Amino acid sequence: MAERTRLVVVGNGMAGIRALEEVLARGGRDRFNITVFGDEPYGNYNRIMLSNVLAGIDDPAEIYLNTLDWYSDNGIELRAGVRVLRIDSFAHLVHADDGTSLRYDKLILATGSRSFFPPMTGLWADDKTLADGVFGFRTLDDTATMIAEAENRSKAVVIGGGLLGLEAARGLQSRGLTVDVVHAGPTLMNAQLDDPAGAILRKSVEALGIGVHTDRRTTEVTVSDGRLTGIRFSDGTGLDCDMLVIATGIRPNVGLAQRAGLRSGGPTVGAGQGAGRPPHGRRHQCGLSRFPGRHEAEGRRRRRRLDGRQGARAS
């Protein structure tokens, strides 16, 4: 019996595991020895539902898409809580932060995104630690920490008036905090709504008892005796608070791929056919993927048949 191919997936989030489910559905368990690396010490969960966990609507256990048993049941080695630091694409090795290395034949990178933190004076306690009372809203750990801290806080500010920021504000309010939302643009959810629709949304949010402050650029986080006290705006005004949530968008985690010399571009899953490159795949969060090879060829044949029928009608 031929030795099975070693498939390594870097990223245990929704995109990476969805790709892996497709591999398994096509007989991948018989073809591959599969190892998954994930930064977080959990199985795969639905990140979209974190707002419900913050609001107390769902329990964390209810948002898992793939429990730990799913990995073992499918013969998958899960390296939960282990981060891949470096890829040697010529030696076919991934090097992890626990000091181990693993050889691969096929590699899928599905490293997801991280919270974006705008530049603000006082935001960071040090190079890696946010100031007291300041939180991102991206992971299950972020959510659990906010829930725990909400018991000891009374006044929250959420920077970011998009969907995630508004959900965070409502969730914190449901836990008994007074909440204000600060947005740099003139309209809440301006990526989705025009000004009239944004005005209607603002009235609805304010009717819930959540303060709304638009056209405000936050420049400073104020801390006194190691304790968060508020934020300041570019116009010199500010708000007092003892809890601050940053929900100003995300940035893709492309550093690992870039350090390996892989091109990071649009929403593609490629076969890595560049000169001297072994096969790699990249899966992006948008969920739109293009598989080179027979799928593209079939698409071209269909377009030619369609063009031919249209030409025949025109003649």
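**Entry 1: a small start with strands**

In which order do the three strands of the open sheet stand, and is the pairing parallel or antiparallel? I looked this up in the model, which is a predicted one. The order is β15-β16-β17, and the strands pair in the antiparallel sense. I then checked the edges: β15 (218-224) and β17 (238-240) each have a single partner strand, so one side of each is left without a neighbour in the sheet. From one strand to the next, I note an average twist of 25°.

Next I followed one pairing along its length. Strand β16, residues 227-233, meets β17 over three antiparallel bridges. To see one of them for yourself, find G230 and look across to D240 in β17, its bridge partner.

**Entry 2: the nonpolar core**

Which residues touch the most other members of the largest nonpolar core? I found V158, L172 and V179 at the top, in a core of 29 residues. I also listed the elements that give two or more residues to this core: the helices α3 (50-55), α5 (140-150), α6 (163-174) and α7 (195-207), and the strands β12 (155-159), β13 (178-182) and β18 (243-246). As a general reminder to myself, nonpolar side chains in soluble globular proteins tend to be buried together.

I picked L172 for a closer look. Setting aside neighbours within four places in sequence, I see L172 in contact with L54, A156, V158, L177, V179, M243 and V245. Two of the names in that list, V158 and V179, are also among the residues that touch the most other core members.

**Entry 3: helix α1**

How many residues does helix α1 have? I count 12, from 14 to 25, and the helix reaches 16 Å from its first C-alpha to its last. That is close to the 16 Å expected at 1.5 Å a residue. I marked the buried residues of α1 as A15, G16, I17, A19, L20, V23 and L24. Just after the helix, I noticed that G27 takes a positive phi of about 85°.

**Entry 4: salt bridges**

How many salt bridges are there in the count? The count comes to 11, and I went through three of them.

My first stop was E22 and R26, whose side chains meet with N and O 3.0 Å apart. E22 is partly exposed, at 31% relative accessible area, whereas R26 counts as exposed at 56%.

My second stop was R79 and D98, where the closest N and O atoms are 2.7 Å apart. This pair links distant parts of the chain, 19 residues apart: R79 sits in strand β5 (residues 76-80), and D98 lies in the loop between β7 (93-96) and β8 (101-103). Is R79 buried or exposed? R79 counts as buried, with 16% relative accessibility, while D98 is partly exposed at 40%.

My third stop was R202 and E206, with 3.1 Å between the closest N and O atoms. Both belong to helix α7, and because they are four residues apart, about one helical turn separates them. In general, an α-helix has 3.6 residues a turn, so residues three or four places apart point the same way. R202 is partly exposed at 27% relative accessibility, and E206 is partly exposed at 35%.

One last note for the page: salt bridges with shared partners join R18, E21, E22 and R26 into one network.

Terms used:
Residues numbered from 1 in each chain as written. Predicted model: local features only at pLDDT ≥ 70, side-chain atom pairs only at ≥ 80, totals over all residues. Heavy atoms only, no water. Pairing = 2+ DSSP bridges. Axes fitted to C-alpha atoms, helices over the stretch in contact; angles between N-to-C directions. Core = buried A, V, L, I, M, F, W, Y, C linked by side-chain atoms within 4.5 Å. Buried < 20%, exposed > 50% of the residue type's maximum accessible area, 1.4 Å probe, protein only. Contact = heavy atoms within 4.5 Å. Expected span 1.5 Å × (residues − 1). Salt bridge = Lys/Arg side-chain N within 4 Å of Asp/Glu carboxyl O.
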